[in-house]
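Reader: I should like to learn how to read the features of a structural model one at a time. Would you begin with a single residue and work outwards from there?

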Number of protein chains: 2
Amino acid sequence: MTDTAVPVHPTAPTDAEVRLLDAHWRAANYLSAGQIYLLDNPLLREPLQPGHIKPRLLGHWGTTPGLNFCYTHLNRVIRTRDQNMIYIMGPGHGGPAAVANAWLEGTYSEVYPEVSWDETGMARLFRQFSFPGGVPSHVAPETPGSIHEGGELGYALVHAFGAAFDNPDLVVACIVGDGEAETGPLAAAWHSNKFLDPVRDGAVLPILHLNGYKIANPTVPARIPERELLALFEGYGYRPYVVAGDDPAVMHRKMAETLDRVMDEITAIQRNAREGGNKGRPRWPMIILRTPKGWTGPKEVDGVPVEGTWRSHQVPLPGVRENPEHLALLERWLRSYRPWELFDGTGRPVPQVLAQTPRGERRMSANPHANGGLLLRPLRLPDFRDYAVPVDRPATTFAEPTRVLGALLRDVIAANPDNFRIMGPDETASNRLNAVFEVTDRTWQAERLPTDDHLAPSGRVMEVLSEHLCQGWLEGYLLTGRHGLFNCYEAFIHIVDSMFNQHAKWLKVTRALPWRRPIASLNYLLSSHVWRQDHNGFTHQDPGFLDVVMNKKPEIIRVYLPPDANTLLAVTDGCLRSRDCINVIVAGKQPVLNLLPMDDAVVHCARGIGIWEWAGTDAGAEPDVVLACAGDVPTLETLAAADLLRRHLPQLRVRVVNVVDLMRLQPPTEHPHGLTDPEFDALFTTDKPIIFAFHGYPYLIHRLTYRRHGHGNLHVRGYKEEGTTTTPFDMVMMNDLDRFHLVMDVIDRVPGLGVRAGHVRQLMADERIRHRAYTREHGEDPADITEWVWPH
Amino acid sequence: MTDTAVPVHPTAPTDAEVRLLDAHWRAANYLSAGQIYLLDNPLLREPLQPGHIKPRLLGHWGTTPGLNFCYTHLNRVIRTRDQNMIYIMGPGHGGPAAVANAWLEGTYSEVYPEVSWDETGMARLFRQFSFPGGVPSHVAPETPGSIHEGGELGYALVHAFGAAFDNPDLVVACIVGDGEAETGPLAAAWHSNKFLDPVRDGAVLPILHLNGYKIANPTVPARIPERELLALFEGYGYRPYVVAGDDPAVMHRKMAETLDRVMDEITAIQRNAREGGNKGRPRWPMIILRTPKGWTGPKEVDGVPVEGTWRSHQVPLPGVRENPEHLALLERWLRSYRPWELFDGTGRPVPQVLAQTPRGERRMSANPHANGGLLLRPLRLPDFRDYAVPVDRPATTFAEPTRVLGALLRDVIAANPDNFRIMGPDETASNRLNAVFEVTDRTWQAERLPTDDHLAPSGRVMEVLSEHLCQGWLEGYLLTGRHGLFNCYEAFIHIVDSMFNQHAKWLKVTRALPWRRPIASLNYLLSSHVWRQDHNGFTHQDPGFLDVVMNKKPEIIRVYLPPDANTLLAVTDGCLRSRDCINVIVAGKQPVLNLLPMDDAVVHCARGIGIWEWAGTDAGAEPDVVLACAGDVPTLETLAAADLLRRHLPQLRVRVVNVVDLMRLQPPTEHPHGLTDPEFDALFTTDKPIIFAFHGYPYLIHRLTYRRHGHGNLHVRGYKEEGTTTTPFDMVMMNDLDRFHLVMDVIDRVPGLGVRAGHVRQLMADERIRHRAYTREHGEDPADITEWVWPH
């Protein structure tokens, strides 16, 4: 399986072909180095002067020639096979490679006409790279052909698989840098081959690029014996091919031949599965490409080796402006690509350079899969109202919200069999979305046993015990123009905080790029949330993802806390229709009271916030106190508190406000959903105490409302990081969010309530002691808690 | 290498030994099932009644018998070899196993005397499990012998390696569940063998426990051919041994023999390396243990198979209280362990059960390595003042703070050669801590080349491109009583948000357990921060980790923003001395102005916040405006703004307040470092505008100060999620944090400044335009920015 074992392939490139491949590669390398260094004199028409050099040298040369090498050879594959292919560059620092190739094949100038396909454009291309007002140094959203920036490493391969799902004709070539290969998410992503259906999905062609070094260190995969390396990838279920060397002429042949062989294998695997039926997991090919870091760059600088070492990671010649020797080395290096052979008098690539580049949408820089909005079809959505639970009187019957939602999702899956998936770390049933299994299975391409439950290669539910894979697959799927939902235990969504951050950053940038068409939003359903992880304990109790979410650009972010089944249906429908956002829905799977009939739920969710007259005692008048709530458990406790107040302090005018759309709390200057100050004041008053029962950490509510008039009167209860394995009601008591404590909070904050209120306060304190004692004796919550309904 | 290939080992257990092993295993299983089910009747002295059963059945049976099986057999290894060993249970849900074994060997009753080593104690043991007021369901801090809760999956193996570093006599047995094996961090952690020194470190014995299922799904490693599985672990560099089956009698023999063989190998590897010198990376053994999920539990319930399927994941008989058939099945199941053979009349384990359990500190539940504070030696710390940069006049010379810190860390390493390590994802040199390489190397046990830089098996600097591994190694190292520091790019520390959360939760719980002795704090040095990732672009710009940190329990959390080299030295010294905390230091690596002479720096850091009279114009009087700042770049911009104000509006009395310890801003009721309100008011006034230039997202400052008197006057500038590849000064301008904008903010907020202020404001706006234009033309910041110093 090493390169030496590979006999010559029948379509091995001719000498002429090798010359063309090399010309293209040289052109891409020249354009890449030019971006890092040149402010002017793009074609080296005159001897290089310090004034031609950028004052600040930025960019990563080390990985770039390898990226260009692969790009050149994949172009040949596309041309010779008319292959539909996109290119994911894990080493996203190699931004110059992506930009160089997009410009070479003309896409760049089509997208950005000011960077024209000639010498003037080339000069602009060079100057703008990593330059203020120009383009970023990475394979960013600004780069045509990219769905993967790769600034944060770890997600190249999982994005590639996400892009390949339900794209049977697509091959996703994915360069995995050997630095990135050390990360956890990447190490797990190799197992994605157990989830790829050779019939309905496309293929991923991983190319592990061993250039040996990360920033200052060798990499693990480059420093283990080849025997171990091959065993590792055979163990991951691949058929590895090694292409190793540093002589371009030899390497062009090896790479072309290996790619021909590998593409034959992919074609055969797919044909066998599609014609002969899926007969188990194929052994997909992958390539291990071993080339020197900074290949073709300066071999030695200041007496120390550079090419092939970590010293070529970024800018191999750092002192070009000041150091004539470096300047001379740079000029020799740039001229080594013989630009005069590659570009014509106008600066445009000569035909030989373009001989093997694809045309039109076959260009990887112009492939519509890399601009998924172009391909996006809206979901066929059933009417969510049809799934409503009947509610004759608010808060008197129970339902499991996620179970109700499951029926809607089942029908979404059925109506959209090729562009909607649900991801989750083995929690779809645990989160009670079971109904989906009436129409589909869990994606599974490994071995099966008779005792297994709903497994199939074509399943639409993807479960793997890795939040990284769930998130990454979904991102890749969305970025290529499809739809989906990620359901997850609330606490463990923190595992992908950083992936969320990066996706939000990507969306923020794309919104300013008109040529990037809107894609479906990334929808999170966080169930098994903090208040109902009483059985799993403290490690499973963390509502802090919302705080991470709130730091991203407001136009990207939505947070919904539907308190019952019908509001969950209404909110989810909106999320599935939205574009270019990240929607976070927090909803419970345990039975909760059904609060609103569907018509009311629709109105309430459309408003995002509202007064519940039925639960309050203010009767349209100015209240004495506002009880606000967001989240299912806090809403339950607030209603129970309102009931206690009504019974014990009937003169007190209590207003109950429920918040579904958390963003409504912010000023409209901060978020497009924000209430105006008069709207906010009309709900919350400007001078009455507000007791806010919140699902998450209480500070978040203060953060959202600190500019509001009534903020000084706001008292928030939420999760204060207290918990263990106990009962649900003990959880709210441990965090002072329980109904009794809310009543005490009201009594402590409404002035002039008199002696009777003092007695009521003592009664509530006694109730807390009594309930805790009951729980500790019986091991469960008392019936007056678990069976409490609104007393009509 | 499969079990069939293994000949009988000379120390294979006798039949009598097997009977003893089985007795111990049955006892542990009985005690585990008892915890899940029994409220009373612990020894089944009377027929089982519904009243003996807990009302809420919680716990995870599925993984438990396998954990007990390993524990039993590891006990034999410890006894026969007098081996120093701790046990990490990746499947932390199997809490009953850890508790059962700790009680069996007497540790539990030593730690918790009320849970005595007799029938009364057994009844308490059963009742308290997952019971309100009792103990958690997982292998939590409350569990003796645990350093790994395992509630969030992924970190078992990395913790195991962290524990093994610098503990040459210790073997860390680590059970990796096959569910956990799907996670990214675990997949990467196998490569930790490239960082383990057989001479100076101990050994890790991974036992991959394939019970086949996670919650509702099969697992990937259990459903690939054995040939792939073996290749995978050979590829990871291990020598895998398979122990598979379901007949206890056979399995006891296989496991005992395999463990003997594996322990012989570990001993031989260590002896060879220690006597013959480290001759390269050994092939450490590991075990693949394949047993049925819920082994020895009910085989079939309600007509469907349970043992060996996902149905035994949690409680295999759910309806015991209501369903007489389930009750009968439970009784049969419990009696199948023959408790009357295992416990004497007082309920204490009979001698046969304890025949193979270790004694004293050799008990895994009582090993001091699992209570690292017992072993903690304070660091030998040089006087940090000796590393100070001289500062004759504030803010007139430059230094790179992390480079200065590097010298201190170098000497910490030299003085503590066996209990201090630095972790980082290949960024120690990039973060300019290079001085450490004068005394040590990077830990590296893979192949080396002549061009490599400072690699050695015994290096004290651990670099791998995985924040998960860095964090996990360090956690394991600290939890076993050592010290360390994790240096990381600020944006990418979000990758370990969830690991941070879990460690903070662990510390919070241990603080309430007097028998857990304090351990060294987890110290983060976040360099390459948001304001100086101008060259890497938007993906590298994220200061939001601080927001995650702030959600944890205040007594655990410290956040420091030293603005220069001397303050960084002072702060780091304090962090290295602290215990049971998580300290976050944000400090730049780029040249910044030296602000304070060391004596002043010490005082300033001790106070954590203070007025800088030399920078202000309030001269001890009440100011017109307060310029507050936290973080190196915001401090620089604030000083420059103060200078502009002094020159352009000399009558304005400006006070400059710098914050090093962010926690000082909170009320003392919220954080032990919090300023009292009078202290806060004395610094910030109650009625003057405060322009706060902050390192991170501005909301954080509002969140910390919203209850303060002056909060209504507080205006915060910080990172508002704007950025790209550009210059450093353009970064601050994009986020309105620049000196000119701060002056404009002052003018907008101080009333009655008159016409002249309007002109100054226009001048500042013009400066912004001029600077941006300069940057876009020249590609770098103008000299009046980069060379600005305080004008004395």
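Author: Let us begin with A:Lys552, which is buried, with a relative accessible area of 3%. Please keep in mind that this is a predicted model.

Reader: With which residues does A:Lys552 form a salt bridge?

Author: One partner is B:Asp542, and the N to O distance in that salt bridge is 2.5 Å. A:Lys552 also forms a salt bridge with B:Glu721, where the closest N and O atoms are 3.1 Å apart.

Reader: Where do the residues of these pairs lie?

Author: A:Lys552 belongs to the loop between α16 and β15 (557-560) of chain A, while B:Asp542 belongs to the loop between β14 (522-527) and α16 (545-549) of chain B, and this pair crosses between chains. B:Glu721 lies in the loop between β22 (714-717) and α22 (728-734) of chain B, so its pair with A:Lys552 joins two chains.

Reader: Are the two acidic partners buried or exposed?

Author: The cut-off for buried is under 20% relative accessible area. B:Asp542 has a relative accessible area of 2% and therefore counts as buried. B:Glu721 is likewise buried, with a relative accessible area of 2%.

Reader: How should I read a salt bridge within one chain, such as that of B:Arg770 with B:Asp784?

Author: One asks which parts of the chain the pair connects. In B:Arg770 and B:Asp784 the closest N and O atoms are 3.7 Å apart. B:Arg770 lies in helix α24 (residues 754-778) of chain B and B:Asp784 in helix α25 (residues 783-786) of chain B, so the pair ties together parts that are 14 residues apart in sequence. B:Arg770 is partly exposed, at 44% relative accessibility, and B:Asp784 is partly exposed as well, at 38%.

Reader: How many salt bridges are there over all chains, and which residues are linked in a network?

Author: Over all chains the count comes to 110 salt bridges. A network of salt bridges links A:Arg717, A:Lys720, A:Asp736, A:Asp738, A:Asp745, A:Arg749 and A:Arg768.

Reader: How is the size of an interface expressed?

Author: It is often given as the accessible area lost when the parts come together. Here chain A and chain B bury about 10300 Å² between them, with 53% of it on carbon and sulfur atoms. In chain A, the residues that lose the most area to chain B are A:Arg223, A:Leu465 and A:Tyr699, together 8% of what that side buries. The contact takes 126 residues from chain A and 125 residues from chain B.

Reader: How many polar contacts and salt bridges does the interface hold?

Author: Between chain A and chain B there are 71 residue pairs in polar contact and 18 salt bridges. One salt bridge joins A:Glu722 and B:Lys508, with the closest N and O atoms 2.8 Å apart.

Reader: Which elements of chain A give two or more residues to the side that touches chain B, and which gives the most?

Author: Among them are α7 (184-189), α8 (226-235), α15 (497-510), β22 (714-717) and α24 (754-778) of chain A. α15(A) gives the most, with 7 residues. By class, this side of chain A has 44 nonpolar, 43 polar and 39 charged residues.

Reader: Which residues touch the most other members of the largest nonpolar core?

Author: They are A:Leu662 and B:Leu662, in a core of 276 residues. Leaving aside residues up to four places away in sequence, B:Leu662 touches B:Val559, B:Leu561, B:Ala630, B:Phe694, B:Leu700, B:Ile701 and B:Leu704. A second, separate core has 128 residues, including A:Ala28, A:Leu57, B:Ala570 and B:Leu737.

Reader: What should I make of the sign of phi?

Author: Most residues other than glycine have a negative phi. A:Thr296, although not a glycine, has a positive phi of about 75°, and the residue sits in the loop between β5 (285-290) and β6 (300-301) of chain A. A:Arg432, also not a glycine, has a positive phi of about 65°. A:Arg432 is in the loop between β9 (420-424) and β10 (442-443) of chain A, and is buried, with a relative accessible area of 18%.

Reader: Where is B:His483 found, and what does B:His483 touch?

Author: B:His483 is in strand β13 (residues 483-489) of chain B and counts as buried, at 1% relative accessibility. Beyond residues up to four places away in sequence, B:His483 touches residues including B:Arg377, B:Asn419, B:Tyr477, B:Ala520 and B:Arg579.

Key:
Residues are numbered from 1 along each chain as its sequence is written. Chains are lettered from A and ligands numbered from 1 in the order in which they are written. This is a predicted model: local features need pLDDT of at least 70, side-chain atom pairs count only at pLDDT 80 or more; totals for chains, interfaces and linings use all residues. Side-chain values use heavy atoms; hydrogens and water are left out. Contact means heavy atoms within 4.5 Å. Buried area is the accessible area (1.4 Å probe) that two parts lose on being put together, summed over both. A salt bridge is a side-chain nitrogen of Lys or Arg within 4 Å of a carboxyl oxygen of Asp or Glu. A polar contact is a pair of N or O atoms within 3.5 Å; within protein, one must be able to donate a hydrogen and the other to accept it, and residues adjacent in sequence count only if both atoms are side-chain atoms. Helices (H or I, at least four residues) and strands (E, at least two) are DSSP runs, numbered from the N terminus. Ala, Val, Leu, Ile, Met, Phe, Trp, Tyr, Cys and Pro count as nonpolar, Asp, Glu, Lys and Arg as charged, and the others, Gly among them, as polar. A nonpolar core is a set of buried Ala, Val, Leu, Ile, Met, Phe, Trp, Tyr and Cys residues joined through side-chain atoms within 4.5 Å. Buried means under 20% relative accessible area, exposed over 50%, partly exposed in between (1.4 Å probe, protein chains only).
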